[in-house]
Amino acid sequence: MAELNRPDRRRCTRCGREDEWNESNHNWTIAGDEGRPFCLHEWNINGTHNPIVKPEG
Ligand SMILES: [Zn+2]
């Protein structure tokens with residue numbers, strides 16, 4: 001059975017801004033001061049992150 005591997009942190013590949021997943025309000029919160037307010041963020045979990053973890057063996 002596959003397990004959900006939800007990322008709890010994401011980072012913008014353009015400006016370096018980091019977000020943290022907030023469990024209580026189920027939303028991303030800004031983790032750092034880095035980043036530009038008008039950046040069209042390209043999160044490093046987009047496309048490359050595989051949310052499904054296949055069990056080994
Ligand atoms: Zn950005």
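Helices (H or I, at least four residues) and strands (E, at least two) are DSSP runs, numbered from the N terminus. The model is predicted, so local features need pLDDT of at least 70 and side-chain atom pairs count only at pLDDT 80 or more, while totals for chains, interfaces and linings use all residues. Residues are numbered from 1 along each chain as its sequence is written, and side-chain values use heavy atoms, with hydrogens and water left out.

**Exercise 1. Describe the fold of the chain and place H26 in it.**

Step 1. Count the elements: the chain has 0 helices and 5 strands. In sequence order this gives the pattern β-β-β-β-β.

Step 2. Locate H26: it belongs to the loop between β3 and β4. Its backbone has a positive phi of about 50°, although H26 is not a glycine.

Step 3. Take the totals. Of the 57 residues in the chain, 18% are buried (under 20% relative accessible area; exposed is over 50%, partly exposed in between; 1.4 Å probe, protein chains only). The accessible surface is about 4800 Å², and carbon and sulfur atoms hold 48% of it (Shrake-Rupley method with a 1.4 Å probe; for residues, only the protein chains shown count as cover).

Step 4. Look at the contacts (heavy atoms within 4.5 Å). Among those with a separation of 6 or more, 45% join residues 24 or more positions apart.

**Exercise 2. Which protein atoms are the donors of the zinc ion, and what is the geometry of the site?**

Step 1. List the donors (N, O and S atoms within 2.8 Å of the metal, 3.2 Å for Na, K and Ca; water is not among the atoms, so sites may look incomplete). The protein donors are SG of C12, SG of C15, SG of C39 and ND1 of H41, at 2.0 to 2.4 Å from the zinc ion.

Step 2. Check the angles. The 4 donor atoms of the zinc ion make angles of 107 to 112°, and the site is tetrahedral (for four donors, all angles between 85 and 135 degrees).

Step 3. Read the spacing along the chain: the donors follow C-x2-C-x23-C-x1-H.

Step 4. Place two of the cysteines. C12 lies in the loop between β2 (9-11) and β3 (18-22), and C39 in the loop between β4 (27-30) and β5 (52-53), so this pair ties together parts that are 27 residues apart in sequence. Both C12 and C39 are buried.

Step 5. Add C15, which is in the loop between β2 and β3. C15 counts as buried because its relative accessible area is 15%. Beyond four places in sequence, C15 is in contact with G35, R36, C39 and H41. From C15 to L40, 25 residues along the chain, the C-alpha separation is 9.1 Å.

**Exercise 3. Over the ring of which residue does the charged end of R10 sit?**

Step 1. Name the ring: the charged end of R10 sits over that of W43, 4.0 Å from the ring centre (NZ of Lys or CZ of Arg within 6 Å of the centre and within 35 degrees of the ring normal).

Step 2. Place R10: it is part of strand β2. R10 is buried because its relative accessible area is 15%.

Step 3. List its partners. Outside four places in sequence, R10 touches R17, E18, D19, W28, W43, N44 and I45.

Step 4. Follow one partner, D19, in strand β3. D19 is buried at a relative accessible area of 2%. The C-alpha atoms of D19 and I30 are 4.4 Å apart, with their positions 11 residues apart along the chain. Residues touched by D19 include D8, R9, W28, T29 and W43.

**Exercise 4. Find the aromatic pairs and give their geometry.**

Step 1. The search of the whole structure returns 1 aromatic pair.

Step 2. The pair is W21 with W28, edge-to-face, at 5.2 Å centre to centre and 75° between the planes (six-membered ring for Trp, as with rings of Phe and Tyr; centres within 6.5 Å; planes under 30 degrees apart are stacked, over 60 edge-to-face, the rest tilted).

**Exercise 5. Are R17 and G35 buried or partly exposed?**

Step 1. R17, in the loop between β2 and β3, is buried at 16% relative accessibility.

Step 2. G35, in the loop between β4 and β5, is partly exposed at a relative accessible area of 32%.

Step 3. Compare contacts beyond four places in sequence. G35 is in contact with C15 and R17, and the list for R17 includes I30, E34, G35, H41 and W43.

Step 4. Add C-alpha distances. R17 and D33, 16 residues apart in sequence, are separated by 7.3 Å; G35 and E18, 17 residues apart, by 7.9 Å.

Note on methods
Tetrahedral: all angles 85-135°; square planar, octahedral: opposite > 155°, others 65-115°.
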